[in-house]
Amino acid sequence: MIPLPTSTSHWIAPSLLSADFANLADEVRRLEAAKADWLHFDVMDGTFVPNISVGIPVLASLRKVTTLPIDVHLMIVNPDPLLPAFAKAGADTLTVQVEACTHLHRTLNYIRDLGCRAGAALNPHTPIDCLDYVADCLDFVLVMTVNPGFGGQSYIDSCTKKIAAIRKRFPDLPIEVDGGIKNDTIGRAAQAGANIFVSGSGIFAQSDYAQAIAKLRTNAA
């Protein structure tokens, strides 16, 4: 399995949802050269969230052009039947939404059995108490700092205290944040305890990806 960050690390995971899909392989190569840590790959089904994005064929194609870890976030209902296909297509992590999983503990263990890191994502309104019951099979948690479904949204500041609460309860658990992460918000999330930062327009709206990623790291620190 891929390594995970320590509690003092600051990893940057560009969100491919904001990439140029007509030139996706080139975008990924640019991100690799820019020293991105992970590639964040959002899968949306039009049911759990009001949007549809990409799926297994695109993931398999990207796996052929990069050695970067691919962080797959499944914003879909009933993810279990599709987990083996995503793992086979090249996912290094598989993150499921706790709101979409009837048997979260079973799902997270299934992900690990497939050889992937297991993540649980919480929507902005979702309490953190459920994590107490799956901590033994959880590799990291993803805190959504926007309502999922669309890129380019503004960071929900009330989620900062959720990040802090998770860090206090689980001192060594990697915390990923996704939504509105830019130079003016990444510091808040980092100070609260996050250490993996998903950023879409914060990177792709810039002409120099390496400079954008470096600046995000600096502001996180």
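Leu74 stands opposite Val96 in strand 4, where strands are DSSP runs of E with at least two residues, helices are runs of H or I with at least four residues, and both are numbered from the N terminus. The two strands concerned, strand 3 (residues 70–75) and strand 4 (residues 93–97), pair in the parallel sense over 4 bridges; two strands are said to pair if DSSP finds at least two bridges between them. The model is predicted, so that local features require pLDDT of at least 70 and side-chain atom pairs count only at pLDDT 80 or more, whereas totals for chains, interfaces and linings use all residues. Residues are numbered from 1 along each chain as its sequence is written, and side-chain values use heavy atoms, with hydrogens and water left out.

Strands 3 and 4 belong to an open sheet of 8 strands, arranged in the order 1-8-7-6-5-4-3-2 with parallel pairing. Strand 1 (11–14) and strand 2 (39–44) each have a single partner strand and stand at the edges, so one side of each is left without a neighbour in the sheet. On average, neighbouring strands of this sheet are turned by 25 degrees against each other, direction ignored. Helix 8 (residues 209–220) packs on the sheet, where helix 8 touches strand 1 and strand 8 (196–199), and its direction makes about 140 degrees with that of strand 1. For such angles, axes are lines fitted to C-alpha atoms, for helices over the stretch in contact, and the values run from 0 to 180 degrees between N-to-C directions; contact means heavy atoms within 4.5 Å.

At one edge of the sheet, strand 1 and strand 8 pair in the parallel sense over 4 bridges, and Ile12 stands opposite Phe197 in strand 8. Both faces of strand 1 are covered, with Trp11 and Ala13 on one side, Ile12 and Pro14 on the other, and all of them buried. A residue is termed buried under 20% relative accessible area, exposed over 50% and partly exposed in between, with a 1.4 Å probe and protein chains only.

Strand 6 (residues 140–144) is mostly covered, as 5 of its 5 residues are buried. Phe140, Leu142 and Met144 point one way from this strand, while Val141 and Val143 point the other way. Strand 6 runs parallel to strand 5 (residues 117–122), to which 4 bridges join it, and Leu122 has Val143 as its bridge partner. A further 4 bridges join strand 6 to strand 7 (residues 175–178), again in parallel, and Val141 stands opposite Ile175 in strand 7.

Thr145 is found in the loop between strand 6 and helix 5 (159–169). With a relative accessible area of 0%, Thr145 is buried. Apart from neighbours within four places in sequence, the contacts of Thr145 include Ser154, Tyr155, Cys159, Val177 and Asp178.

In soluble globular proteins, nonpolar side chains tend to be buried together. A nonpolar core is here a set of buried Ala, Val, Leu, Ile, Met, Phe, Trp, Tyr and Cys residues joined through side-chain atoms within 4.5 Å. The largest such core has 62 residues, and those with the most contacts inside it are Val72, Leu94, Ile166 and Phe197. Not counting residues up to four places away in sequence, Ile166 touches Leu122, Ile128, Leu131, Val141, Val143, Leu173 and Ile175. A second, separate core of 7 residues includes Trp38, Phe140, Ile196 and Val198.

The structure also holds 3 aromatic pairs. Rings of Phe, Tyr and Trp (its six-membered ring) pair if their centres lie within 6.5 Å; planes under 30 degrees apart count as stacked, over 60 as edge-to-face and the rest as tilted. Trp11 and Trp38 form an edge-to-face pair, at 5.9 Å centre to centre and with 70 degrees between the planes. This pair links distant parts of the chain, since Trp11 lies in strand 1 and Trp38 in the loop between helix 1 (24–33) and strand 2, 27 residues apart. Both Trp11 and Trp38 are buried. Phe204 and Tyr209 form another edge-to-face pair, at 5.4 Å centre to centre and with 75 degrees between the planes. Phe204 is buried at a relative accessible area of 12%, and Tyr209 also counts as buried, at 6%. Ring pairs further link Trp11, Trp38 and Phe140 into a cluster.
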